[in-house]
Amino acid sequence: MVILLRSCRNVPWQDTYFPRFDAVEASHVVPGIKQLLDELNSEIDALEANVVPTWEGLVAPLEVITDRLSKAWGTVSHLK
């Protein structure tokens, strides 16, 4: 299961592997993306503070971080 937003409870794409497009509203975008960016910035800060210059220690965790943003923004970009 993909967790796009860990603590924001008002965003319908939070606990689903595939977005629930029928439940996502424009009003979810700004607060959801802002919260996601705050979470991801914290994760990047923690990664930088404890960086291990290896694939497993840097690249793999960074990929997880960027993937969360890509999936959330992918949902937003499909809204009409």
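Which side chains meet in a salt bridge at 2.7 Å, N to O? In this predicted model, the side chains in question are those of E43 and R68. E43 is in helix α1 and R68 in helix α2, so this salt bridge ties together parts that lie 25 residues apart in sequence. The setting of the pair is described below, beginning with the overall fold.

The protein chain contains two helices and zero strands. Of its 80 residues, 32% are buried. The exposed area of the chain is about 5,400 Å², with 61% supplied by carbon and sulfur atoms. Among contacts with a separation of 6 or more, 52% are between residues 24 or more positions apart.

Helix α1 spans residues 26-49 and comprises 24 residues. From the first C-alpha to the last, α1 reaches 35 Å, which is close to the 34 Å expected at 1.5 Å a residue. The buried residues of this helix are H28, V29, G32, I33, L36, E39, L40, E43 and L47. The cover over these residues includes α2, which runs through residues 55-77. In α2, the buried residues are G57, I65, R68, A72, T75 and V76. The cover is reciprocal, in that α1 is included in what covers the buried residues of α2. Charged side chains appear in both lists, with E39 and E43 among the buried residues of α1 and R68 among those of α2.

The count of salt bridges comes to three. In addition to the pair formed by E43 and R68, a salt bridge joins E39 to R68, with the closest N and O atoms 2.8 Å apart. E39 belongs to helix α1 and R68 to helix α2, so this pair ties together parts separated by 29 residues in sequence. The relative accessible area of E39 is 14%, and the residue is therefore buried, the limit being under 20%. R68 also counts as buried, at 4% relative accessibility.

The remaining salt bridge is formed by the side chains of D67 and K71, at 3.2 Å from N to O. Both residues lie in helix α2, four residues apart, or about one turn of the helix. D67 is partly exposed, at 30% relative accessibility. K71 is likewise partly exposed, with a relative accessible area of 32%. Where partners are shared, the salt bridges join E39, E43 and R68 into one network. R68 takes part in the salt bridge with E39 and in the one with E43.

A further polar feature involves H28, a residue of helix α1. A polar atom of the H28 side chain lies 2.8 Å from the backbone nitrogen of E25. H28 has a relative accessibility of 11% and so counts as buried.

In summary, the model has two helices, and each is included in the cover of the buried residues of the other. Salt bridges link R68 of α2 with E39 and with E43 of α1, whereas D67 and K71 both lie within α2.

Technical notes. Residues are numbered from 1 along each chain as its sequence is written. This is a predicted model: local features need pLDDT of at least 70, side-chain atom pairs count only at pLDDT 80 or more; totals for chains, interfaces and linings use all residues. Side-chain values use heavy atoms; hydrogens and water are left out. The expected span of a helix is 1.5 Å times one less than its number of residues. Buried means under 20% relative accessible area, exposed over 50%, partly exposed in between (1.4 Å probe, protein chains only). Contact means heavy atoms within 4.5 Å. Accessible areas come from the Shrake-Rupley method with a 1.4 Å probe; for residues, only the protein chains shown count as cover. A salt bridge is a side-chain nitrogen of Lys or Arg within 4 Å of a carboxyl oxygen of Asp or Glu. A polar contact is a pair of N or O atoms within 3.5 Å; within protein, one must be able to donate a hydrogen and the other to accept it, and residues adjacent in sequence count only if both atoms are side-chain atoms.
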